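User: I should like to learn how to read the sheet and the core of a structure such as this one. Could you take me through the features in turn?

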Amino acid sequence: MAAADFSRLIAAAADTIAAHAEELTALDQAIGDGDHGLNMKRGFEAVRTEADAFAAKPLPEALKAVGTKLVMTVGGASGPLFGTLFMALGKELPAAPDRSGLAAALGKAIEAVAARGKSQVGQKTMLDVLQPVYEALTQGKTASEIADAADQAAEATVPMKALRGRASFLGERSIGHMDAGARSTALLVRAVAETVEGI
Amino acid sequence: MSNVGIVIVSHSPLVAEGTADMVRQMVGDEVPLAWCGGNGHGGLGTSVEAIMGAIDKAWSDAGVAILVDLGGAETNSEMAVEMIGEPRSHRIVVCNAPIVEGAVMAATESSGGASLKEVVATAHELSPS
């Protein structure tokens, strides 16, 4: 991937998080501790500041650098979770991945996020978006179909009962709200899908 | 120092510092001790960078036991241990124990020269299984 393309991906990710920060915070206030939007925005703005330096690295190193930056700047549990996603992608991806290489790396990255959060699919978390995205990727779906699958998956967390994270303390009361981490994951997937489509 | 180090990680700097005060008063100065709390930006939360700093500060060749409060503190502590990497990461354990009681009991065990394994086991006894 060309450095300019990676810079565009970072800008698209940071833009969508910034544009939806208040919405993410509102989702988190309903069933979490209400800092998700602000935390994610802080992290992705920090990544944006160093976008050119990161983009100059080979793709695996660039992704690891993004992940490390998120870990160090997001604050809250989202930092290690989203950081692990990017760090694991960087670890697993070849320098010039094709679709199957990307899918395989995402599969491994999902396992790493699940291990970090001691969670699994169906517990009202970001994994509930990542897994359908992985499946859409392996099924050969187009970028826009993958983005739609991510949105639908985030929507599908609404009726779920939270079993991990602070929302789990609410038990049944967590039902009826979309998970903030699932929403931000879907936003990132759409940003990446739309950027990749334009490259 | 050869006693196991104790690190206290809370979402709140006040809780972390208060817990450290209790350890100091009840156990004394023979145990390397460090605390951190807050997201590093003035709010509640935990910071991987601050946790790595606290581990450095409380570092002992006998190892370090970390006591945490809520889930995010645990996740961030595990991340910090991973980023510190081998070989030191093998001598750092995030304890499954209540933060205040765990810190005091772990430090008490450590002050007597117990191993990391013994210190962690003492803290874990406090957890409902």
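**Reading the sheet of chain B**

Analyst: Let us begin with a single residue pair: B:A65 stands opposite B:V93 in strand 4 of chain B. Please bear in mind that this is a predicted model. The pair belongs to a wider pattern, in which 3 bridges join strand 3 of chain B to strand 4 (residues 92-94), and the two run parallel. B:V64 likewise stands opposite B:I92 in strand 4 of chain B.

User: Which strand of chain B pairs with strand 3 over 5 bridges, and in which sense?

Analyst: That partner is strand 1 (residues 5-10) of chain B, and the sense is parallel. There, B:V7 stands opposite B:I66 of strand 3 of chain B.

User: In what order do the 4 strands of the open sheet in chain B lie?

Analyst: The order is 2-1-3-4, with parallel pairing. Strand 2 (33-37) and strand 4 of chain B each have a single partner strand, so each edge strand has one side without a neighbour in the sheet. On average, neighbouring strands are turned by 15 degrees against each other, direction ignored.

User: Which elements of chain B pack on this sheet?

Analyst: Helix 2 of chain B does, touching strand 1, strand 2, strand 3 and strand 4 of chain B, and its direction makes about 170 degrees with that of strand 2. Helix 1 (residues 13-27) of chain B lies across strand 1 and strand 2 of chain B, at about 165 degrees to strand 2. As for the connection between strands, strand 3, helix 3 (residues 71-84) and strand 4 of chain B make a right-handed β-α-β unit.

User: How should I read the two faces of strand 3 of chain B: buried or exposed?

Analyst: The general idea is that side chains in a regular strand alternate between the two faces of the sheet. In strand 3 of chain B, B:V64, B:I66 and B:V68 are on one side, B:A65 and B:L67 are on the other, and all are buried. That accounts for 5 of the 5 residues of the strand.

User: Which residues have the most contacts inside the largest nonpolar core?

Analyst: They are B:I6, B:A65, B:I66 and B:L67, in a core of 105 residues. Helix 10 (residues 180-198) of chain A gives the most to this core, with 8 residues. Setting aside residues up to four places away in sequence, the contacts of B:I6 include B:V23, B:L33, B:A65, B:L67 and B:A103.

User: How many residues does each chain bring to the contact between chain B and chain A?

Analyst: Chain B brings 13 residues and chain A brings 13 residues. On the side of chain B, the largest share, 5 residues, comes from helix 3. By class, that side has 2 nonpolar, 10 polar and 1 charged residues.

Conventions:
Residues numbered from 1 in each chain as written. Chains lettered and ligands numbered in written order. Predicted model: local features only at pLDDT ≥ 70, side-chain atom pairs only at ≥ 80, totals over all residues. Core = buried A, V, L, I, M, F, W, Y, C linked by C-beta atoms within 7 Å. Buried ≥ 20, exposed ≤ 12 C-beta atoms within 10 Å, placed from the backbone. Contact = placed C-beta atoms within 7 Å. Pairing = 2+ DSSP bridges. Right-handed = clockwise from strand over helix to strand, strands pointing away. Nonpolar A, V, L, I, M, F, W, Y, C, P; charged D, E, K, R; others polar. Axes fitted to C-alpha atoms, helices over the stretch in contact; angles between N-to-C directions.
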